[in-house]
Amino acid sequence: MSRRLLTNAGLATFADIDAPYGLVERGALAFEKGVIAWTGAEAELPEEFYDWPKEDLGGCLVTPGLIDCHTHVVFGGNRAREFEMRLEGATYEEVARAGGGIVSTVRSTRAASEEALLEQALPRVDALIAEGVTTLEIKSGYGLDLKTELRMLRTARKIGDVRPVEIRTSFLGAHAVPPEYKERADTYLDEICLPALEAAHEAGLVDAVDGFCEGIAFSPDQIARVFDRARQLNLPVKLHAEQLSDLGGAELAASYGALSADHLEYLSGNGVEALARSGSVAVLLPGAFYTLRETQLPPVDLLRANNVPIALATDCNPGSSPLASLLLTLNMGCTLFRMTPEEALAGVTREAAKALGLSDRGTLETGKRADLAIWNVSHPAELSYRIGFNPLQKRIFGGSR
């Protein structure tokens, strides 16, 4: 069915109208060929839509399809034993000596075939789709060699072929220094990371370039080398920044016009101002904050005061955020970071779309993709309020269920 008219619905449009959530009570939404043709109050529906196939939603809420704009869902193995060891009192150093940490995931990912990586990733992806996710960002970064980085990106692309979800990929070769290049980070960049980026780009596997700017990963100067190559390839950038300390990563990202800077617990006032000037999105990741039992909160008030767009994401990964629920992420954003329910829901729709450089989704407006989530709730705040409860009634992806 190429045409459909949804009626008797609340619409959280997140469009530029003077109402919280861009909310339209008793609204209607028409779409055709996967694109929204009209949206607004049902009483104002133009006559041209009167004879379109109609579906009465019985007062349900319609939001844009949810967007998880920061994930690492493709990886091998898991780190449940490491989680257990930490709870038994082991330090991170002891876990690492026992073969844990990112080295464990790199080892498991390198050993997994493309088919195995896909098989392991799909349950996580399915959990996100079941909560209304229609667009999903997936990073590489657990291969740290050319062959495995490309395998991860091919797997991410394959997910979009076998599931009704749009995949955006980020090359994260500058995620960590692999054991064979210990204390030789620049050599790793020269011999592995940058050549892998070029190969992945040539194969059409990269939508954006990411990095981890931190004392345990790469310095700002080293990240700048990666971003310079991304610029030469005409690829947008984003950055894991200020998660554990303030190295000025957000300012660096902003200087490259980054789509986003992510984590940001230790973000400074200068970093906030740089993001405001560049228009980059601040992507907050409460799952990692929770799992690592962090206490340094990201400067949400300062981000608000400087009108920096704030997105939320699961950061789904095997170590610091084994979280595959964007609905729980909404609640965490409100409870841990004191975001409002409106900010949180905007953070997984409108602002998450900005964080991926996607202008064709994230709001309910004429001309946008018909990626919709239909919820059995009476008010948008319910989506952030409930814990462990999924009220999704239907998900529409590009005009199809």
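## Exercises on a predicted chain

F14 sits in the loop between β1 and β2 (23–32). The model used here is a predicted one, and F14 is a good place to begin.

**Exercise 1. Find what is unusual about the backbone at F14, and decide whether F14 is buried or exposed.**

Solution.
- Step 1: Start with the background. Most residues other than glycine have a negative phi.
- Step 2: Look at the angle. F14 is not a glycine, yet its phi is positive, about 55 degrees.
- Step 3: Check the accessibility. The relative accessibility of F14 is 3%, and buried means under 20%, so F14 counts as buried.

**Exercise 2. Carry out the analysis for N8: what is its phi, and which element holds it?**

Solution.
- Step 1: Place the residue. N8 belongs to strand β1 (residues 3–12).
- Step 2: Read the angle. Phi of N8 is near 55 degrees, again a positive value in a residue other than glycine.
- Step 3: Apply the cut-off. With a relative accessible area of 17%, N8 falls under 20% and is buried.

**Exercise 3. Locate G362 and list its contacts beyond the neighbours within four places in sequence.**

Solution.
- Step 1: Find the segment. G362 lies in the loop between α14 (350–355) and β14 (372–375).
- Step 2: Test for burial. Its relative accessible area is 4%, which makes G362 buried.
- Step 3: List the partners. Once neighbours within four places are set aside, G362 touches F14, P64, I67, T349, R350 and A353. Our friend F14 from the opening exercise is one of these partners.
- Step 4: Add a distance. G362 and A352 are 10 residues apart along the chain, and their C-alpha atoms are separated by 7.3 Å.

**Exercise 4. Classify the ring pair W38 and F49, and say which parts of the chain the pair ties together.**

Solution.
- Step 1: Recall the two quantities needed. An aromatic pair is described by the distance of the ring centres and the angle of the planes.
- Step 2: Take the values for this pair. The ring centres of W38 and F49 are 6.4 Å apart and the planes stand at 35 degrees, so the pair is tilted.
- Step 3: Place both rings. W38 is in strand β3 (residues 35–41) and F49 is in the loop between β3 and β4 (54–56), so the pair ties together parts 11 residues apart in sequence.
- Step 4: Check burial and company. W38 and F49 are both buried, and together with W52 they form one aromatic cluster.

**Exercise 5. Repeat the classification for F289 and F337.**

Solution.
- Step 1: Read the geometry. The centres of F289 and F337 are 5.2 Å apart with 75 degrees between the planes, which is an edge-to-face pair.
- Step 2: Trace the link. F289 is in helix α10 (residues 286–291) and F337 is in helix α12 (residues 326–337), so this pair joins distant parts of the chain, 48 residues apart.
- Step 3: Check burial. F289 and F337 are both buried.
- Step 4: Put the pair in context. The structure holds eight aromatic pairs.

**Exercise 6. Describe the surroundings of two loop residues, V237 and S320.**

Solution.
- Step 1: Place V237. It lies in the loop between α7 (220–232) and β10 (238–241), and at 4% relative accessibility V237 counts as buried.
- Step 2: List its contacts. Apart from neighbours within four places in sequence, V237 meets V209, F227, A230, Y256, A258, L259 and S260.
- Step 3: Place S320. This residue is in the loop between β13 (310–312) and α12, and S320 is buried with a relative accessible area of 18%.
- Step 4: List its contacts. With neighbours within four places left aside, S320 touches G287, A288, T291, L292 and D315.

**Exercise 7. Name the buried residues of helix α3 and some of what covers them.**

Solution.
- Step 1: In α3 (residues 102–111), the buried residues include S104, T105, V106 and T109.
- Step 2: The cover over the buried residues of α3 includes α4 (114–129) and α5 (146–162).

**Exercise 8. Judge how compact the whole chain is.**

Solution.
- Step 1: Count the elements. The chain has 15 helices and 15 strands.
- Step 2: Compare with the rule. The radius of gyration is 21 Å, close to the 21 Å that the globule rule gives for 401 residues, so the chain is as compact as a globular protein of that length.
- Step 3: Add the burial. Of the 401 residues, 59% count as buried.
- Step 4: Look at contact range. Among contacts between residues at least 6 apart in sequence, 71% join residues at least 24 apart.

Note on methods: Residues numbered from 1 in each chain as written. Predicted model: local features only at pLDDT ≥ 70, side-chain atom pairs only at ≥ 80, totals over all residues. Heavy atoms only, no water. Helix = DSSP H or I, 4+ residues; strand = E, 2+ residues; numbered from the N terminus. Rg over C-alpha atoms; globule rule 2.2 N^0.38 Å. Buried < 20%, exposed > 50% of the residue type's maximum accessible area, 1.4 Å probe, protein only. Contact = heavy atoms within 4.5 Å. Phe/Tyr/Trp six-rings, centres within 6.5 Å; stacked < 30°, edge-to-face > 60°.
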